[in-house]
Amino acid sequence: MRDVAATRAALLAHCTRWPALQVQDLLKFLHQSAFGCGHLVDSGSGALEALRTEAALFPHRADVEPLGGPFARVHLGVVKDGLAVETLWRIFVLSSRETGGGAQALEEKLTALLSLAREGALPFSPEEVAGAADRWRRGGFPACHHSAAFRAAYAPAYRVVSRDFARILPLLSSIDRKMAAGRPIIVAIEGGSAAGKTTLGGMLQQIYGCSLFHMDDFFLRPAQRTAERLSQPGGNVDYERFYEEVLLPLRGGRAVSFRRYDCHSQQLLAPTTVAPAALSVVEGAYSAHPALRDHYDLTVFLEIDPGLQRRRIQRRNTPDFQQRFFHLWIPLERRYQEAFDIPGHCDLILEVKE
């Protein structure tokens, strides 16, 4: 069964937080957990304006509520913390493309709900829960509204978004606060191997349509790999070339023309030109090197548990590449992070989760 423990924990937390809820509200909770928000999305400008109005009227709760699956509720008070309504709208629309497993997952989640009812862990009898679930199933699991009691007690105002987007809300709010000044900004994403730096960069590109640069394109060429250079923490990346070809033009609001280093051919590729953008993101280990970090508007460090890091590397790589990570690349990254206290110099630290 999918995420049974997470579903049980989320249901119990839901009952504790909202004591006036009814069985109908639990069914709505499970529907959102299994189907997300795709059935609700209207990508027209009127829907964005409706969100803007709703956020202004109901700003009192500003947190994230897990749904025991790949989705979470984001209460609209998050806009008080700097998150732009347009950003919340974009992650809501992007989340509509995802599914939490549909009817099959919902049946499994209902099993968890009924089990809690039989254990006496819910404020409703097993018969009441089973009857409501059976009627709902016969109707084809339609999307349901909150009960009148729930609406009267709590005036709910939230959007259901992907859990992955919900986890990076502190970063999105920080970016939006910086962008509100109306000038181009540059963000660096730091962290160790398998922490999700490239994935996070891609997510920001989806949300903002930003320019995205990869530090992997700036590793040293063979002739630069001298013993003296490699003895320096962080010395295995050509941060000087990155500064000249990327950061300086970005800071000057100019188009960037740079050459990617191809590790397979060990050659610099033909120049790539990137037009100026309101937001530019640099992702990769060594992106917050002391020679570079003062040129960013915002730096974020992705903190990953060593056990999770190891499992991710084992899932994604052949045995030969796994050994390179474990015995070469990760030790180099840790030496660099410790030598320069990279996490301590970043503006924001995000804990990486499965």
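How many disulfides does a search of the whole structure find? The search, made on a predicted model, finds zero disulfides.

Two cysteines may be considered individually in this light. Cys15 takes part in no disulfide, and the nearest cysteine sulfur, which belongs to Cys144, lies 15 Å away; since a disulfide is a pair of cysteine sulfur atoms within 2.5 Å, that separation does not meet the cut-off. Cys210 is likewise in no disulfide, the nearest cysteine sulfur being that of Cys346, at 18 Å. As to their surroundings, Cys15 is buried, with a relative accessible area of 11%, and Cys210 is also buried, with a relative accessible area of 6%. The table sets out the sulfur distances.

| Cysteine | Nearest cysteine sulfur | Distance |
|---|---|---|
| Cys15 | Cys144 | 15 Å |
| Cys210 | Cys346 | 18 Å |

Turning to the chain as a whole, its 354 residues include a buried share of 48%, and its secondary structure comprises 15 helices and twelve strands. The C-alpha trace spans about 75 × 45 × 35 Å along its principal axes. Among contacts between residues at least 6 apart in sequence, 75% join residues that are at least 24 apart. The chain exposes about 16,400 Å², of which carbon and sulfur atoms supply 53%. With regard to charge, the chain carries 41 positive and 39 negative charges, and the mean positions of these two sets are 2 Å apart.

Among the helices, helix 5 can be described in detail. Helix 5 runs over residues 102–118, and its 17 residues reach 24 Å from the first C-alpha to the last, close to the 24 Å expected at 1.5 Å a residue. Helix 5 is mostly covered, with twelve of its 17 residues buried. The buried residues include Gly102, Ala105, Leu106, Glu108, Lys109 and Leu110, and, further along helix 5, Ala112, Leu113, Leu114, Ser115, Leu116 and Ala117; Glu108 and Lys109 thus appear in the buried set beside residues such as Leu106 and Leu110. An α-helix has 3.6 residues a turn, so residues three or four places apart point the same way.

What covers the buried residues of helix 5? The cover includes helix 1 (4–17), helix 2 (23–35) and helix 6 (126–138). After helix 5 comes Gly120, whose phi is positive, near 75°.

Conventions. Residues numbered from 1 in each chain as written. Predicted model: local features only at pLDDT ≥ 70, side-chain atom pairs only at ≥ 80, totals over all residues. Heavy atoms only, no water. Helix = DSSP H or I, 4+ residues; strand = E, 2+ residues; numbered from the N terminus. Expected span 1.5 Å × (residues − 1). Buried < 20%, exposed > 50% of the residue type's maximum accessible area, 1.4 Å probe, protein only. Contact = heavy atoms within 4.5 Å. Areas by Shrake-Rupley, 256 points an atom, 1.4 Å probe, with all protein chains shown as cover. Lys, Arg positive; Asp, Glu negative; His and termini not counted. Charge placed at Lys NZ, Arg CZ, Asp CG, Glu CD.
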